[in-house]
Amino acid sequence: MRENILEVKNLKAYYKILKGQVKAVDDLTFNIKKGEILGLAGESGCGKSTLASTLISRKPPLHHISGEVKLNGKEIMQIPEEDFKPMRLKNISLIPQYALDAFSPTKKIKTFIIDLVQEHGIKPDREFFDKVKERLYLVNLDPSVLERYSIELSGGMKQRVIMVISTILNPDFIIADEITSALDVSSQRFVATMLANLRDEGIIGSAMFITHDLSILYQIAERIMIMYAGCFIEIGPTEEIVKNPRHPYTKALIASLPQVGIQYQDKKLSGIKGTPPQLLNIGEGCRFRYRCQYADKQCEISPVRERINEGHYISCWRWKELGSDNNA
Ligand SMILES: Nc1ncnc2c1ncn2[C@@H]1O[C@H](COP(=O)(O)OP(=O)(O)OP(=O)(O)O)[C@@H](O)[C@H]1O
Ligand SMILES: [Mg+2]
């Protein structure tokens with residue numbers, strides 16, 4: 001069995017604000033294997049980016065509440081910032097959501113890179129830029145982009161520059177947060193496959209790929225995890241999540257994206273009625289119950305994570321009786 005690069009156990013991270021606590025990551029348990037790409041999906045506001053921030057840089061009002069995270073076997077929630085800083089970019093790296101906005105229109109790409117890596121304590125010397133150039137070729141960019149201004153580059157080109165920088169130290173684990181959402185369809189595919197190529201080349205170890213687009217995950221992720229309103233819903237091998245989803249929410253999500261699975265082609269776009277609940281001071285119970293047609297009294301108690309089969313886990317009281325039909 002492959003070893004894990006990341007082990008997350010009962011992780012809770014909340015935003016502590018004046019009105020109370022926004023429970024955006026509430027009891028997540030999952031692992032990522034060495035060399036694996038795990039896809040993370042769920043509706044807007046379900047806590048995907050909060051999970052990413054929790055793993056890499058918790059800044060107030062976001063606080064780690066409880067639970068453990070091990071990176072390469074080492075607990076990282078409790079270690080002081082000065083010990084964690086050298087691990088960023090090298091052991092764990094993040095391509096944040098909206099990273100494209102980080103480029104200043106008045107700076108050349110090269111200057112942007114120099115400023116950024118210096119912040120991480122890396123010397124942008126000749127050797128460094130030789131490596132950058134090598135990597136730019138690898139993502140189909142001519143090194144002359146370094147002398148250009150960001151406004152002269154397309155979104156896809158900027159995204160590839162960001163990918164080169166965030167992977168320059170060959171991170172063991174990278175979190176890619178919505179790196180394709182601002183791009184056109186062909187650039188989306190290109191950028192997503194690029195990440196898989198970097199993994200195949202051994203430049204990155206493992207990745208967590210966050211996106212709304214399950215069809216992209218279908219192409220590049222080995223397993224998919226679904227979140228809803230800060231909670232764990234389901235995790236399993238990609239084929240199984242897409243073709244045999246078991247949680248009513250996963251079923252609805254998949255059914256609303258007919259392009260993902262062949263078996264859903266004849267289905268009408270169903271969408272999911274209603275909106276996710278407010279996470280501020282949210283209480284007990286399955287958070288999907290307000291929108292779930294199968295919800296009953298038991299769902300007022302928070303469901304426990306259960307094993308369906310090897311590698312496939314779910315949090316739903318009624319999964320056994322609902323079976324695997326796809327009529328959610
Ligand atoms: N600084 C903050 N203070 C308080 N609440 C916050 C803060 N940032 C995010 N939240 C709340 O935390 C929840 C999760 O937000 P998050 O950005 O993690 O969602 P997401 O799944 O990444 O959404 P999207 O798909 O739109 O990127 C939301 O309810 C959001 O309103
Ligand atoms: Mg987000």
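The questions and answers below concern a predicted model of a protein chain with a ligand.

Q: What is the average pLDDT of the protein chain, and over which residues is the pLDDT below 50?
A: In this predicted model, 95% of the residues score at least 70, and the average pLDDT of the chain is 91. One stretch falls below 50, and beyond near neighbours in sequence it has 17 contacts in the model. Where pLDDT is low, the predicted coordinates should not be read in detail. The average is therefore 91, and the stretch with pLDDT below 50 covers residues 260-269.

Q: Which element gives the most residues to the shell around ligand 1?
A: The shell around ligand 1 holds 15 residues, and the closest are Tyr15, Ser44, Lys48, Ser49 and Thr50. At least two residues of this shell come from each of β1 (4-17), β2 (20-33) and α1 (48-56). With 3 residues, the element that gives the most is α1.

Q: How many charged residues are in the shell around ligand 1?
A: The shell around ligand 1 can be divided by residue class, and it then has 7 nonpolar and 7 polar residues. The number of charged residues in this shell is 1.

Q: Is Ser49 buried or exposed?
A: Ser49 belongs to helix α1, where 8 of the 9 residues are buried. A residue counts as buried if 20 or more other C-beta atoms lie within 10 Å of its own. Ser49 has 20 other C-beta atoms within 10 Å, and therefore it is buried.

Q: How far apart in space are Ser49 and Glu178, C-alpha to C-alpha?
A: Leaving aside neighbours within four places in sequence, Ser49 is in contact with Gln97 and Asp177. Ser49 and Glu178 are 129 residues apart in sequence, yet their C-alpha to C-alpha separation in space is 8.9 Å.

Q: Which strands stand at the edges of the open sheet, and why is one side of each left without a neighbour?
A: The open sheet has 4 strands in the order β2-β1-β4-β5, with antiparallel pairing. Each edge strand has a single partner strand, so one side of it is left without a neighbour in the sheet. The strands at the edges are β2 and β5 (74-75).

Q: Which residue is the bridge partner of Ala13 in β2, and which in β4?
A: β1 is joined to β2 by 10 antiparallel bridges, and these two strands form a hairpin with 2 residues between them. β1 is also joined to β4 (residues 62-71), in the antiparallel sense, by 8 bridges, including one in which Leu6 has Leu71 as its partner. For Ala13, the partner in β2 is Val25, and the partner in β4 is His64.

Q: Which residues of β9 are buried on one side, and which on the other?
A: Strand β9 (residues 223-228) is mostly covered, with 6 of its 6 residues buried. In a regular strand the side chains alternate between the two faces of the sheet. In β9 both faces are covered, with Arg223, Met225 and Met227 buried on one side, and on the other Ile224, Ile226 and Tyr228.

Q: Which residue of β10 stands opposite Ile226?
A: β9 pairs in parallel with strand β3 (residues 37-41) over 4 bridges, one of which has Gly39 and Ile224 as partners. With strand β10 (residues 231-237), β9 pairs in the antiparallel sense over 6 bridges. In that pairing, the residue opposite Ile226 is Glu234.

Q: With which residues is Ala176 in contact, leaving aside its neighbours within four places in sequence?
A: The largest nonpolar core has 83 residues, and Ala176 is among those that touch the most other members, as are Leu195 and Phe209. In soluble globular proteins, nonpolar side chains tend to be buried together. Beyond those sequence neighbours, Ala176 is in contact with Ile95, Leu195, Ala207, Phe209 and Ile210.

Q: What is the phi of Asp27, and what is the phi of Asn72?
A: Asp27 is found in strand β2 and is partly exposed, with 19 other C-beta atoms within 10 Å. Asn72 lies in the loop between β4 and β5, and it is partly exposed, with 17 other C-beta atoms within 10 Å. Phi is positive in each of these non-glycine residues, near 75° for Asp27 and, for Asn72, near 50°.

How values were computed:
Residues numbered from 1 in each chain as written. Chains lettered and ligands numbered in written order. Predicted model: local features only at pLDDT ≥ 70, side-chain atom pairs only at ≥ 80, totals over all residues. Near = placed C-beta within 6 Å. Nonpolar A, V, L, I, M, F, W, Y, C, P; charged D, E, K, R; others polar. Buried ≥ 20, exposed ≤ 12 C-beta atoms within 10 Å, placed from the backbone. Pairing = 2+ DSSP bridges. pLDDT = per-residue confidence, 0-100. Contact = placed C-beta atoms within 7 Å. Core = buried A, V, L, I, M, F, W, Y, C linked by C-beta atoms within 7 Å.
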